Amino acid sequence: MSETRKVVVMNEAGRIWTEEQETPAPKLGQLLVEVRASMVSPGTELGGVKRRRENPGAEARQRPFGYTNAGVVVGMEGDCDEFEIGDRVAGMGGGYALHATYACVPHNLCAKIPDDVADEDAASIHLAATALHAVQRGRIRIGENVVVAGLGIVGQFACQIAKTAGAYVIGLDQLPLRIGIADFCLNDGAGIHRAINVSETDPIPIANEFTNGYGMDCGIIAFGGDATSAFQQIRAMLKTAPDTHKMGRIVIVGGASITHGFAAGLGNVDVISAARTGPGYHDEDYEHGADYPPVFVPWPTQRNLELSLRLMSEGKIQVQPLITDVVPIDQASEACEKLIQTPNEALGVVFSM
C-alpha cells in the first residue's frame, strides 16, 4: 500500500484538479479500499459548478469529492467480519467513496462485487441503489405503466429496474445522447420500452396510445432544478378517474423544485420523495456497523447495494451502455469539464486508477 494517494479535489470557485495526499487510515468500522474505478455523478457532484464559477467562493477552500467507487479491501479497523482482505467491494457515500486511489468507507456502505461484474460497472453502485430506492418508494408493480423524466444515470437505472419489476416504461429527456443510450438498452433487452425527446415531441398523446387509453400509473422525476413543467406533464399522463380527478403516484428522486397546487388542483395523486439510497445512509452508527430490525426496515442501504450488484450480475441492470468515458484519474479535470460544458457528449464518466 502506498503512503500517498491521488485524489480529485474541487474548490469553492469551481476548479477541479487531481493532487497527491497522505493515504488515511481507516477508522473503527471502516474498510480501506484500494480503488480501481470511480464514477462521477453529473448532477449531484457537478450540477452546481457553473453557479460556483459565476459567483466564486474562496479559492483556498477545497475538498476531495466523489461518492461511488469500486476496488479491493486492503485494510480494515474494528468489526467488519463480513469482509476479508482481498475482497472486491463497491462502496458509496459522500466523503467516503471518493475519486481517489485509496478510500476509507464504512463497511455498511459497502457490498461484495460478484465475480462477473466489472469494476467499472460496480463503481456506479451509489447511483444504482438510488434508482432502486426510488422504484421501491413508488410501489411499482408488475403490469403497471411508468414514465421516467430525466434519462441521466439515475433515470436510466430507474427505467431498467422498473422494467425488471414488470412495468412498461417510457423515458423522457431533451438530450439526444441520452435518448440514444435508452434506445440502445431497449434493443439490447434492458430498460426502457420507448424513449421520447420532449424538445421535439409531445409525450402526452404517446402515453395515451402506449397505455391503450388507461394512463400512466406512476412517474419518476430523476433530475434537479425546476421540474414544474415535467411534473405537469407527468400529471397529464396519469390515469383519470370518472370524476375527472387524476390518480397515480409521482416519485421525485432528483433534487427538483416544483410549484404546483394541491387538492383539486392536483387530484388524488400521491407525491413521494425518494431520499438517497434508502434507510441508513447518513446514520453514522448504521454506516459503521449498527443495524435496523429487518422486520421493520427490510431494505436498508446495504441490502439495496447488494441487490443492485446482483441485478448487474443477472444482466437486469446494464451499466456499460451508460459509460461514455473511461479516463485515468490524472485526467479527471478534463473529463469533468466535458460533463459540465457539453452534456450531450458524455454521461457515465469513470476514473480508472
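**Figure 1. Cys218, a buried cysteine.** Cys218 is buried, and its relative accessible area is 0%. The model shown here and in the other views is predicted. A search of the whole structure turns up zero disulfides. Cys218 is therefore in no disulfide: a disulfide needs two cysteine sulfur atoms within 2.5 Å, and the nearest cysteine sulfur to Cys218, that of Cys159, is 12 Å away.

**Figure 2. Cys110, another cysteine without a disulfide.** The whole structure holds zero disulfides. For Cys110, the nearest cysteine sulfur belongs to Cys80 and is 8.7 Å away. Cys110 is in no disulfide. Is Cys110 buried or exposed? Cys110 counts as buried, at 0% relative accessibility. A disulfide is a covalent bond between the sulfur atoms of two cysteines.

**Figure 3. The whole protein, for orientation.** Ten helices and 19 strands make up the secondary structure of the protein. The radius of gyration is 20 Å, close to the 20 Å that the globule rule gives for 353 residues, so the protein is as compact as a globular protein of that length. Along the principal axes, the C-alpha atoms fill a box of roughly 65 × 50 × 40 Å. Of the 353 residues, 53% count as buried. Among contacts with a separation of 6 or more, 70% join residues 24 or more positions apart. The accessible surface comes to about 15,100 Å². Carbon and sulfur atoms account for 49% of that surface. The protein carries 28 positive and 43 negative side chains. The centres of these two sets lie 6 Å apart.

**Figure 4. Leu31 in strand 3.** Strand 3 covers residues 30–39, and Leu31 lies in it. Leu31 is buried, with a relative accessible area of 0%. What does Leu31 touch, not counting residues up to four places away in sequence? Its contacts are Pro26, Val73, Gly75, Met76, Cys80, Phe83, Ala103, Cys104, Val105, His107 and Cys110. Cys110, shown in Figure 2, is thus one of the residues that Leu31 touches. Ser273 is 242 residues from Leu31 along the chain. The C-alpha atoms of Leu31 and Ser273 are separated by 31 Å.

**Figure 5. Thr277 in a loop.** Thr277 is found in the loop between strand 17 (268–273) and helix 8. This loop residue counts as buried, at 0% relative accessibility. Leaving aside neighbours within four places in sequence, Thr277 is in contact with Met92, His126, Ala129, Thr130, His133, Thr301 and Asn304.

**Figure 6. His282 and its positive phi.** Where is His282? His282 is in the loop between strand 17 and helix 8. Phi of His282 is positive, about 80°, although His282 is not a glycine. Most residues other than glycine have a negative phi.

**Figure 7. Thr244, with a positive phi.** Thr244 is found in the loop between strand 14 (239–240) and strand 15 (246–252). Thr244 is exposed, with a relative accessible area of 61%. Phi of Thr244 is near 80°, a positive value in a residue other than glycine.

**Figure 8. Asp291, an exposed loop residue.** Asp291 sits in the loop between helix 8 (284–287) and helix 9 (301–313). Asp291 is exposed: its relative accessible area is 56%. Along the chain, Asp291 and Ser124 are 167 residues apart. The C-alpha atoms of Asp291 and Ser124 are separated by 24 Å.

Technical notes. Residues numbered from 1 in each chain as written. Heavy atoms only, no water. Buried < 20%, exposed > 50% of the residue type's maximum accessible area, 1.4 Å probe, protein only. Helix = DSSP H or I, 4+ residues; strand = E, 2+ residues; numbered from the N terminus. Rg over C-alpha atoms; globule rule 2.2 N^0.38 Å. Contact = heavy atoms within 4.5 Å. Areas by Shrake-Rupley, 256 points an atom, 1.4 Å probe, with all protein chains shown as cover. Lys, Arg positive; Asp, Glu negative; His and termini not counted. Charge placed at Lys NZ, Arg CZ, Asp CG, Glu CD.
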